[in-house]
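Open your viewer and get ready to follow along. We will go from the whole chain to a group of rings, and then on to a pocket.

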Amino acid sequence: MDSSRAARISSMPRPAALRLRAMRGPSLLFVCLLALAALLLWRGAEFYRLDLEARVDHADFRKLSPGAPIGHGYGVFGTLLVLTNLLYLARRRFARLHLGSMQLWLNIHVFTGLFGSVLILFHSAFQLRSQVASITAIALLLVVVSGIVGRYFYSLTPKAHAELAEQLAVIEMFDMVAAAQLKAAVQGLPAPLQPARPTLRSSLGTVPAWLRQYRARKAEVRRMLAPLHQLRDLERDERRYLRAACKQLERLALEPVRAAAGASLIRTWRGLHRFMALLMIVSVTVHIAVAWVFGYRWIFE
């Protein structure tokens with residue numbers, strides 16, 4: 001192995017390490033969410049398995065039912081988390097203020113929304129006994145689903161492109177001519193399509209065109225990268241690193257299409273998600289009012 005190339009390779013972050021770093025936050029959130037659900041389910045598994053009539057005679061009925069202290073507490077704390085979740089909308093209105101990064105607020109938005117939803121699910125004890133409760137549950141479900149879809153669209157939006165130069169630098173160590181041709185070819189790829197009038201309907205209608213452009217880009221980039229996979233006289237570590245760099249370069253070359261789709265979809269999807277959130281607020285308010293009228297006031301006494 002060429003000593004200078006070996007030194008440069010050893011000083012660069014491994015692509016696998018970069019991917020693991022990017023997955024750390026979502027993975028931690030998923031593990032915490034799963035742990036909370038498992039803990040609450042373990043606490044009342046025997047009670048939740050019973051039907052509505054059989055639960056009345058269970059020892060946990062006065063603790064875990066929706067109107068009982070623990071079950072009601074799940075609902076109160078879950079509702080507080082959901083209301084905290086809505087502060088992200090206010091933060092967006094004052095984006096210029098120095099109140100923390102939008103990424104941090106988005107992470108809090110996702111965290112409080114998912115954890116609050118889990119607590120509200122256990123507050124219901126997995127049984128909806130009234131139309132108000134059913135409407136509230138449906139509204140919450142729509143908010144969560146639209147939020148998850150919106151978060152996926154957000155993941156497609158443009159990110160920093162410094163990594164593209166890093167991967168081209170890796171390829172340049174193996175073949176300078178190929179690296180120069182790849183850089184020119186990637187920069188010369190046609191710009192992603194954008195709907196003339198960015199509405200949710202037009203953005204969703206552009207999805208087939210984005211998919212065609214994505215597949216065309218992928219085929220072209222793979223064709224350009226094919227000669228690099230045929231390089232001989234490379235040691236195993238060099239070959240593995242070059243293969244990883246080619247894979248990363250292919251992903252980065254496809255990113256503009258994903259970014260255009262994500263930016264257009266998230267800009268129009270956000271209005272739908274906001275409408276679902278307002279619907280949920282109304283239904284939760286009615287649900288709390290009904291509970292108050294029928295005497296679930298223990299927490300205020």
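The stops below each give you something to select and tell you what is there.

**The whole chain**

Start with a cartoon of the protein chain, keeping in mind that this is a predicted model. You should find twelve helices and zero strands, so no colour for strands is needed. Following the chain from the N terminus, the elements read α-α-α-α-α-α-α-α-α-α-α-α. Of the 301 residues, 36% are buried. Now think about contacts between residues at least 6 apart in sequence: 74% of them join residues at least 24 apart.

**An aromatic cluster**

Next, show the aromatic side chains; the structure holds seven aromatic pairs. For one of them, select Tyr48 and Phe126. How are the rings of Tyr48 and Phe126 placed, stacked or edge-to-face? Their centres are 5.1 Å apart and their planes meet at 75 degrees, so the pair counts as edge-to-face, the term for angles over 60 degrees.

Zoom out a little to see which parts the pair brings together. Tyr48 belongs to helix H2 (residues 15–48), while Phe126 is in the loop between helix H7 (102–123) and helix H8 (131–155). The pair therefore ties together parts that are 78 residues apart in sequence.

Switch on a surface and compare the two partners. Tyr48 is buried, with a relative accessible area of 8%, whereas Phe126 is partly exposed at 39%.

Add Phe47 and Phe122 to your selection: with Tyr48 and Phe126 they form one aromatic cluster. Stay with Phe47 for a moment and bring in Arg55. The charged end of Arg55 sits over the ring of Phe47, 4.9 Å from the ring's centre.

**The second largest pocket**

For the last stop, select Ile120, His123, Ala133, Thr136 and His287. These residues lie nearest the centre of the second largest pocket, among the 36 residues that line it. The volume of this pocket is about 1,000 Å³.

Which elements give two or more residues to the lining? Colour helix H5 (69–85), H7, H8 and helix H12 (236–293) to see them. H8 supplies the largest share, eight residues.

Finally, colour the lining by residue type. The second largest pocket has 24 nonpolar, eleven polar and one charged residue in its lining. Keep H7 and H8 in view as you finish: both contribute to this lining, and the loop between them holds Phe126 from the earlier stop.

Conventions: Residues are numbered from 1 along each chain as its sequence is written. This is a predicted model: local features need pLDDT of at least 70, side-chain atom pairs count only at pLDDT 80 or more; totals for chains, interfaces and linings use all residues. Side-chain values use heavy atoms; hydrogens and water are left out. Rings of Phe, Tyr and Trp (its six-membered ring) pair if their centres lie within 6.5 Å; planes under 30 degrees apart count as stacked, over 60 as edge-to-face and the rest as tilted. Helices (H or I, at least four residues) and strands (E, at least two) are DSSP runs, numbered from the N terminus. Buried means under 20% relative accessible area, exposed over 50%, partly exposed in between (1.4 Å probe, protein chains only). A charge sits over a ring if NZ of Lys or CZ of Arg is within 6 Å of the ring centre and within 35 degrees of the ring normal. On a 1 Å grid over the protein atoms alone, a cavity is a set of points where a 1.4 Å probe fits but cannot get out, and a pocket is an open set with protein on both sides within 12 Å along at least five of seven lines; lining residues have an atom within 4 Å of a point. Grid points are joined across faces, edges and corners, and a volume is the space filled by probe spheres set on the points. Ala, Val, Leu, Ile, Met, Phe, Trp, Tyr, Cys and Pro count as nonpolar, Asp, Glu, Lys and Arg as charged, and the others, Gly among them, as polar. Contact means heavy atoms within 4.5 Å.
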